[in-house]
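User: I'd like to go through the labels on this one and hear what stands behind each of them. Can you take my questions in turn?

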Amino acid sequence: MKGYGQKSVCAGCFLLLLLSQTLWAGGQERERQFQEAIQAYGRGEYKVASQQFQALARDGVSADLLFNLANSYAQAGESGRAILNYERARRLAPADSDIKGNLELIRKEKGLFQEEQSIGQRVITFFELNQWTGLAAISFFLFAIVLLLPLPPGLKRMPRYVAATLSLFFTAVAISGIIGQYQHWNDGVVIIQGARLRVSPFASAASVGTIQEGRLVRPGKSHGSYFLVEDETGRRGWLEGDAFESIVGVEK
Amino acid sequence: MKKMRRHFNIQNGRRIGVVALCFLVVLLVAEVMPVQSGVQVSASLNATSFPIDRVAALTITVKGTRSFEPQMPEVDGLQFQQRGQSTQIEMINGDFSASVTTVYLVQGLREGKFTIPAIPISTKEGRQLTQPIDFEITASQSAAVSSSAQSPSSSKPRLRSGEAEQVAFMRVTLNKEKSYSGEVVPVQIKAYFREGIKANLNTLPQVAGEGFVLQQLAPEPVQTREIVNNAAYTVLEWDSTLSGIKEGQHRISLELEATLLLPEQRRRSLHDRSLFDDPFMGDSFFDNFFGRYLEKEVKVVSPELDLEVLSLPEEGRPQEFHGAIGEFHLSVSGDPLEVEPGEPITLTMTVKGKGNFDRVQAPELDEDEGWKSYSPSSEFLEDGGMGQGKKVFEQALVARDPHLQEIPAVTFAYFDPTAAAYTVLKSPPIPFKIKGTAVEERKLEPKAKAEQMEKVQPEMAAPVDPPISNLAPLKLQSDAMEQTMVPLFFKRWFQVLVVLFVVLVLVAAVLKQRAARNANNPRLQQHQAMKHLLNLRQKEIEQALAANDSRGFLGICRRAIQEQLGLLWHSEAGAITLADLTQRLGKDSFLITIFSAAEESAYGGQELNSQQMQDFADRLQKELEGLL
């Protein structure tokens with residue numbers, strides 16, 4: 001019995017070792033492909049680079065990978081897919097200034113101006129969803145700490161109440177931001193040129209107008225291969241599912 | 001449909017009641033008042049042309065006198081027959097004036113042109129002459145009807161077939177015999193009502209039958225007076241347009257419904273009846289004043305006209321054609337032409353000319369890529385008659401692409417019925433400037449864009465945009481991979497962290513609440529203080545036992561007893577003496593024994609061995625715990 005146990009432990013260790021070696025080798029291979037894609041980009045082979053980054057993204061994504069993929073698409077002239085991947089990268093790394101800067105640049109270059117935002121919308125878009133989530137957690141934590149920790153000797157109660165009120169206010173604002181941003185979590189990006197919004201979910205239906213590549217759309221109900229969408233400018237219409245892709249990769 | 005009843009007084013607005021009253025009053029006054037000096041004479045004929053079988057009225061009026069004697073001349077081919085004389089006296093600003101009117105019927109004995117020479121008028125004030133009057137006597141009425149059919153272009157109005165005996169009739173004039181479907185054809189509609197007849201229009205003229213659309217007519221037509229075959233008519237005239245919507249050969253007519261108020265006249269002789277036809281006699285003062293009116297509803301229908309409606313040719317029909325037919329011109333302007341990024345430009349497109357403006361739609365941008373365009377507003381301004389004018393469209397455009405340099409051309413297509421062909425109008429592109437964009441860069445951009453397009457074209461089916469400069473560079477290292485993109489609050493570690501934090505907060509809250517509750521309970525506080533002090537002293541006792549320090553041990557025991565009893569009795573611990581213990585605990589308490597031994601040790605130097613110390617320690621703990 002004792003010998004059987006030792007053998008089991010040895011086999012387990014061997015399997016773990018084998019698995020770690022496989023993972024390490026996989027990581028090495030992935031890193032090699034990543035560097036190759038960067039080199040292709042450096043040579044100006046943006047199409048090749050985008051294909052290689054895209055292949056890597058099938059096994060898992062990171063903000064850096066998506067950022068590189070977006071850059072490749074941007075340089076290859078596929079502004080819709082570029083904006084899609086910048087948006088994806090921003091979801092993973094909302095504080096990354098490179099992502100934000102490139103996204104603003106390409107939107108400006110392509111004339112994707114946004115409608116004038118209200119003050120409430122500006123507040124909501126000031127942070128990304130995860131940033132609002134973190135802010136809500138921190139401010140609520142502070143609120144709890146301020147109220148629960150014993151008051152140091154000599155300190156009056158008023159500052160504690162002020163601090164607690166402020167913490168609670170920031171918590172409420174952050175929750176509003178979460179709600180506002182989460183409504184756009186499943187937004188999509190138009191990835192083809194000359195896509196048309198239609199009044200009905202049929203190819204033969206009258207067109208409401210073209211919707212520009214790279215335009216953010218919020219999909220609603222669907223009918224066949226068409227989705228009822230609303231774009232950033234408030235236009236509504238039926239858009240074919242192939243014309244846009246969800247930022248978070250939800251199956252359409 | 002609400003019946004339209006618009007009243008048109010066919011008479012010349014005579015207020016019969018007022019005139020009659022004034023007449024009676026002034027007639028009496030005129031006999032005694034002096035008449036204003038200065039005589040004016042005039043003569044007029046109520047028709048410049050009339051058939052030989054009708055008569056005209058020659059009216060001679062002399063102002064400034066109450067009587068005169070005309071000396072009618074002899075004219076070859078004419079007969080003058082006096083029908084009566086009337087005198088009128090007017091008072092204007094307190095001054096009285098009189099006028100005398102004599103009416104003669106003029107009858108022609110032959111056709112031809114005639115001139116009534118100056119007629120000498122003799123009054124008390126002297127002798128004066130009237131102006132000569134030229135006129136024409138035409139063939140008889142029956143001959144005129146047939147001749148009018150033969151020569152419709154005759155400039156003189158004639159009663160047409162069937163109109164001769166009517167007191168009301170319509171004439172419709174179309175200037176085309178063929179039109180295209182949707183084309184507007186100017187149409188003139190005239191409704192004639194015999195003067196002296198009051199009429200209420202129940203409807204406006206409308207097309208009888210289907211296949212045509214008559215443009216909305218003005219509710220207030222132009223009102224004129226015409227002499228038709230020696231009879232005076234009040235004419236209501238509408239200028240409008242007619243559109244054929246059904247292809248084929250059509251016969252159209254217009255109709256309107258009216259209620260006529262016909263004066264009920266005295267029975268007349270045959271001779272009088274011919275005089276009734278005379279316009280002057282038709283306005284007989286006494287007929288109007290004392291007569292009654294008969295109300296009669298009539299439908300006035302115009303003669304039928306032929307109009308062929310052709311279909312628009314399919315051949316050569318441009319994509320931009322939306323049904324505009326006519327002759328148009330296009331002019332386009334933009335304002336402002338130097339804009340901030342995102343600032344709208346108002347594109348004003350004016351389509352001017354004549355045609356069916358209701359079908360004229362806004363010209364279309366040839367290229368809308370890079371532009372955000374809003375729905376255009378439109379305004380039609382009539383200018384120069386029916387179907388003529390200009391339609392002005394204003395459309396807001398926002399340049400999405402900062403490299404745009406010109407507003408694209410706009411295209412407007414229409415069908416020209418005169419040339420029977422489609423015409424496409426195209427405005428030239430309008431240069432404009434977006435502020436903040438380098439001119440040089442914009443100038444180079446199209447070329448670079450074209451080159452890049454050529455390079456990429458073989459690889460990609462869809463056209464691509466040029467590379468973007470100033471992008472942040474690639475990331476050289478990839479961070480940790482994630483399989484899915486989920487919000488932070490859906491991640492397991494975050495949820496666990498939040499749950500832990502919430503539990504911690506709850507525990508802390510419970511503890512805090514408990515502490516607060518304890519803070520308000522003195523018995524509990526006393527109990528906790530006794531327990532706390534007892535724990536402290538027990539540790540000191542154990543140290544003294546370990547050191548075999550008898551005096552120190554007894555001193556700690558004595559202090560422990562004082563502290564516990566002090567808290568229990570709410571008195572100062574140091575002030576508690578052996579006597580207090582004896583008094584309040586009783587002689588049998590072992591605490592008294594320990595306290596006595598401690599005092600003896602303190603003041604007498606008595607010491608305990610280890611065993612005794614251990615016994616004392618056990619008993620002390622037991623006794624003090626019993627107090628809690």
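Analyst: Sure, here is how the labels follow from the values.
Analyst: This is a predicted model, so to speak with the ground rules first: local features need pLDDT of at least 70, side-chain atom pairs count only at pLDDT 80 or more, and totals for chains, interfaces and linings use all residues. Residues are numbered from 1 along each chain as its sequence is written, while chains are lettered from A and ligands numbered from 1 in the order in which they are written.

User: What makes a stretch of chain A a helix or a strand, and how many of each are there?

Analyst: Helices (H or I, at least four residues) and strands (E, at least two) are DSSP runs, numbered from the N terminus. Chain A has 8 helices and 7 strands.

User: Why are helix 7 and helix 8 of chain A called roughly antiparallel?

Analyst: Helix 7 (residues 129-148) and helix 8 (residues 157-182) of chain A cross at roughly 160°, and their axes come within 8 Å. Axes are lines fitted to C-alpha atoms, for helices over the stretch in contact, and angles run from 0 to 180 degrees between N-to-C directions. Angles under 35 degrees count as roughly parallel, over 145 as roughly antiparallel, 65 to 115 as roughly perpendicular and the rest as oblique. Helix 7 and helix 8 of chain A are therefore roughly antiparallel. The crossing of helix 7 over helix 8 in chain A is left-handed (the near helix is turned anticlockwise from the far one by less than a right angle; clockwise would be right-handed). The residues of this contact in chain A divide into 17 nonpolar, 6 polar and 1 charged. For those classes, Ala, Val, Leu, Ile, Met, Phe, Trp, Tyr, Cys and Pro count as nonpolar, Asp, Glu, Lys and Arg as charged, and the others, Gly among them, as polar.

User: And what makes helix 9 of chain B oblique to helix 11 of chain B?

Analyst: Helix 9 (residues 550-569) and helix 11 (residues 590-604) of chain B pack at about 130°, with axes 9 Å apart. That angle makes helix 9 of chain B oblique to helix 11 of chain B. The pass of helix 9 by helix 11 in chain B is a left-handed crossing. Residues making the contact include B:L554 and B:I561 of helix 9 and B:F595 and B:A598 of helix 11 of chain B. By class, the contact of helix 9 with helix 11 in chain B has 9 nonpolar, 3 polar and 2 charged residues.

User: How do you know whether B:K296 is buried or exposed?

Analyst: Count the neighbours: a residue is buried if 20 or more other C-beta atoms lie within 10 Å of its own, exposed if 12 or fewer, and partly exposed in between, with C-beta atoms placed from the backbone. B:K296 has 14 other C-beta atoms within 10 Å, so B:K296 is partly exposed. B:K296 lies in strand 21 (residues 292-301) of chain B, and its C-alpha is separated by 6.4 Å from that of B:L261, 35 residues apart along the chain. Leaving aside neighbours within four places in sequence, B:K296 is in contact (C-beta atoms, placed from the backbone, within 7 Å) with B:T259, B:L260 and B:L262.

User: Which label does B:V235 get, and why?

Analyst: B:V235 has 19 other C-beta atoms within 10 Å, so B:V235 is also partly exposed. B:V235 sits in strand 19 (residues 231-244) of chain B. B:V235 and B:Y192 are 43 residues apart in sequence and 4.6 Å apart, C-alpha to C-alpha. Not counting residues up to four places away, B:V235 touches several residues, among them B:A191, B:Y192 and B:R225.

User: How do you know that strand 4 and strand 5 of chain A pair?

Analyst: Two strands pair if DSSP finds at least two bridges between them. Strand 4 of chain A and strand 5 (residues 226-231) of chain A are joined by 5 bridges and run antiparallel. One of the bridge partners is A:E230 in strand 5 of chain A, for A:R218. In their hairpin, with 2 residues between the strands, A:G224 takes a positive phi near 65°.

User: What about strand 1 of chain A?

Analyst: Strand 1 (residues 188-190) has 2 bridges to strand 4 (residues 216-223) of chain A, running antiparallel. A:V189 stands opposite A:L216 in strand 4 of chain A.

User: What makes strand 3 and strand 8 of chain B edge strands?

Analyst: In an open sheet of 3 strands with the order 3-11-8 (chain B) and mixed pairing, strand 3 (49-51) and strand 8 (112-116) of chain B each pair on one side only.

How values were computed:
Two residues are in contact if their C-beta atoms, placed from the backbone, lie within 7 Å.
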